[in-house]
Amino acid sequence: MRRLYIGGTWTASVSGEAIDVVNPATEEIIDRVPAGAPDDVEAAVLAARRAFPSWSATDPAERAKLLAAAASLIEQRADDIAATIATDMGAPLGFARKVQTLMPAGVLASYARLAESHPRETRIGNSLVVKEPVGVVAAITPWNYPLHQIVCKVAPALAAGCTVVLKPSEVAPLAAYALADILHEVGLPPGVFNLVSGRGPVVGEAMAAHPEVDMVSFTGSTAAGRRVASLAVETVKRVALELGGKSANIILPDADLPAAVKAGVANCFVNAGQTCSAWTRMLVHRDLYDEAVRLAVEATRAYTVGDPFDETTRVGPLVSAAQRDRVVRYINRGQEEGARLVAGGTERPHERGYYVEPTVFAGVEPGMAIEQDEIFGPVLVIVPYTSEDQAVRIADGTRYGLSGAVWAATDERALAVARRLRTGQVMINGGRFNPLAPFGGYKQSGVGRELGEHGLEEYLETKSLQL
């Protein structure tokens with residue numbers, strides 16, 4: 001069984017209990033990690049608190065050097081880390097390498113640069129305004145992007161001069177251990193980074209409630225985010241939440257329909273639909289609706305479901321039996337609500353593994369559960385609209401506001417609609433994801449932003465010195 005990483009050393013959990021790590025493609029146990037206890041959290045937080053004064057005073061250039069070295073090691077070990085993610089999370093190997101591993105390496109390298117370049121002092125009249133690290137950060141991360149989501153918190157926190165206690169998801173924790181090995185190897189001082197694996201109701205809640213933690217950064221479900229925030233507020237911690245989404249892909253009547261539908265299907269099914277920002281609702285003008293449904297069904301046929309290590313696989317398994325069962329329940333509910341199942345369904349495509357066929361629903365009306373709820377699986381719903389105003393109302397008609405897309409004949413027309421949407425990020429005519437731009441949501445999709453300078457600012461306090 002693996003160990004916890006506390007104060008620069010690998011140590012056993014006081015609980016003595018373990019959590020099985022399961023390969024979702026084979027349903028076999030591949031590893032075991034400690035089920036951490038509150039006493040483990042106490043030790044990790046105290047180690048981070050002891051390390052904070054010296055780390056926060058470390059020259060930014062030195063912090064940058066360590067982060068850059070860690071980014072370089074991730075790149076060098078990309079094949080091994082990608083294989084780990086493909087095994088414990090189920091992402092197809094190519095995607096696990098390019099997006100799940102090399103993208104976070106790039107994000108980490110960007111924070112190495114920002115550690116040095118981001119301004120920490122400004123003058124306003126007779127005041128000197130300075131930015132200082134928040135302090136001890138509790139980072140609680142999910143399983144769907146098990147390295148990227150960690151780097152999005154740990155990298156800016158360390159760049160800012162904070163110290164960190166990380167709780168990765170117990171469902172797919174092995175990438176976190178790979179990162180801990182790398183941070184240890186590059187010489188990060190003891191206590192600056194700590195890892196306590198375990199279950200959310202035990203380890204996560206102990207971290208969120210701990211009086212010596214200055215900030216909690218959480219990514220996960222909206223329900224769990226509410227719980228984290230309620231615990232943190234007791235000690236008035238800073239809280240950053242990156243939560244759920246039910247993002248709309250609005251295809252305007254003058255758009256290139258085949259291109260927009262093809263891209264929309266791809267975005268929905270990437271990572272087996274286990275992406276908080278996925279465009280899971282496709283909104284199409286009623287005059288073009290039947291053609292869009294036909295194109296979506298045709299595109300879906302190209303998404304081969306299978307072994308993450310098979311080069312022909314485009315959709316791997318869902319991460320766990322519980323996640324597969326959740327998605328199947330929603331597919332059944334969609335049919336009960338009267339939506340038309342036009343692709344996929346609940347039949348298991350393979351005898352072993354937590355697989356679900358990429359699924360498309362037509363005849364979906366606003367207010368249906370499959371149109372409102374984050375399913376977190378390869379399920380696309382196609383919704384008709386009759387006017388631009390109605391499309392905006394439907395897009396904004398959920399409790400979420402994380403991402404989305406708009407397609408039109410010109411960028412200017414698409415931008416005009418995008419500006420009306422209450423969501424944190426909108427792709428215009430297939431605009432690419434930018435890992436340096438702020439990422440986060442409106443409404444119940446979260447509080448705060450990750451990535452780039454906006455992500456770094458989350459981990460800085462502001463002090464005003466009057467001269």
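Reader: Which residue in strand 9 is the bridge partner of L166?

Author: That's L195. Before we go on: the model is predicted, and local features are taken at pLDDT of at least 70, side-chain atom pairs at pLDDT 80 or more, while totals for chains, interfaces and linings use all residues. Numbering starts from 1 along each chain as its sequence is written, and side-chain values use heavy atoms, with hydrogens and water left out.

Reader: What makes strand 8 and strand 9 a pair?

Author: The rule asks for at least two bridges found by DSSP between the strands. Strand 8 and strand 9 (residues 193-195) have three, in the parallel sense, so they qualify. From strand 8 the chain gets to strand 9 through helix 6 (residues 174-185), in a right-handed β-α-β crossover. Right-handed here means that, with the strands pointing away from the viewer, the path from the first strand over the helix to the second runs clockwise.

Reader: How many bridges join strand 7 to strand 8?

Author: Five, and strand 7 (residues 136-140) runs parallel to strand 8. A139 is the residue opposite L166 there. The chain goes from strand 7 to strand 8 by way of helix 5 (residues 148-160), and this crossover is right-handed as well.

Reader: Why is strand 8 described as largely enclosed by the rest of the structure?

Author: Buried means under 20% relative accessible area with a 1.4 Å probe on protein chains only (over 50% is exposed, in between is partly exposed). Five of the five residues of strand 8 (residues 163-167) are buried, so the label follows. T163, V165 and K167 cover one side, V164 and L166 the other.

Reader: How many aromatic pairs are there?

Author: Seven. Rings of Phe, Tyr and Trp (its six-membered ring) pair if their centres lie within 6.5 Å; planes under 30 degrees apart are stacked, over 60 edge-to-face, the rest tilted. W143 and F376 have centres 5.5 Å apart and planes at 80 degrees, so they are edge-to-face.

Reader: What does the W143 and F376 pair tie together?

Author: Parts that are 233 residues apart in sequence: W143 is in the loop between strand 7 and helix 5, F376 in the loop between helix 12 (369-372) and strand 16 (379-385). W143 has a relative accessible area of 14%, so it is buried, and F376, at 16%, counts as buried too.

Reader: Why is the F269 and Y303 pair called edge-to-face?

Author: Its planes are 75 degrees apart and its centres 5.5 Å, so it meets the rule. F269 sits in helix 9 (residues 257-269) and Y303 in the loop between helix 10 (289-300) and helix 11 (321-336), 34 residues apart in sequence. F269 is buried at 0%, and Y303 is buried at 10%.

Reader: What makes R2 count as a charge over the ring of Y177?

Author: The rule wants NZ of Lys or CZ of Arg within 6 Å of the ring centre and within 35 degrees of the ring normal. R2 lies over the face of Y177 at 5.2 Å from the ring centre, so it fits. Y177 is also in one aromatic cluster with Y5, W10 and F193.

Reader: How do you know that the radius of gyration agrees with a compact globule?

Author: The globule rule, over C-alpha atoms, is 2.2 Å times the number of residues to the power 0.38. For 467 residues that is near 23 Å, and the protein chain has 22 Å, so they agree. Of those residues, 57% count as buried.

Conventions. Helices (H or I, at least four residues) and strands (E, at least two) are DSSP runs, numbered from the N terminus.
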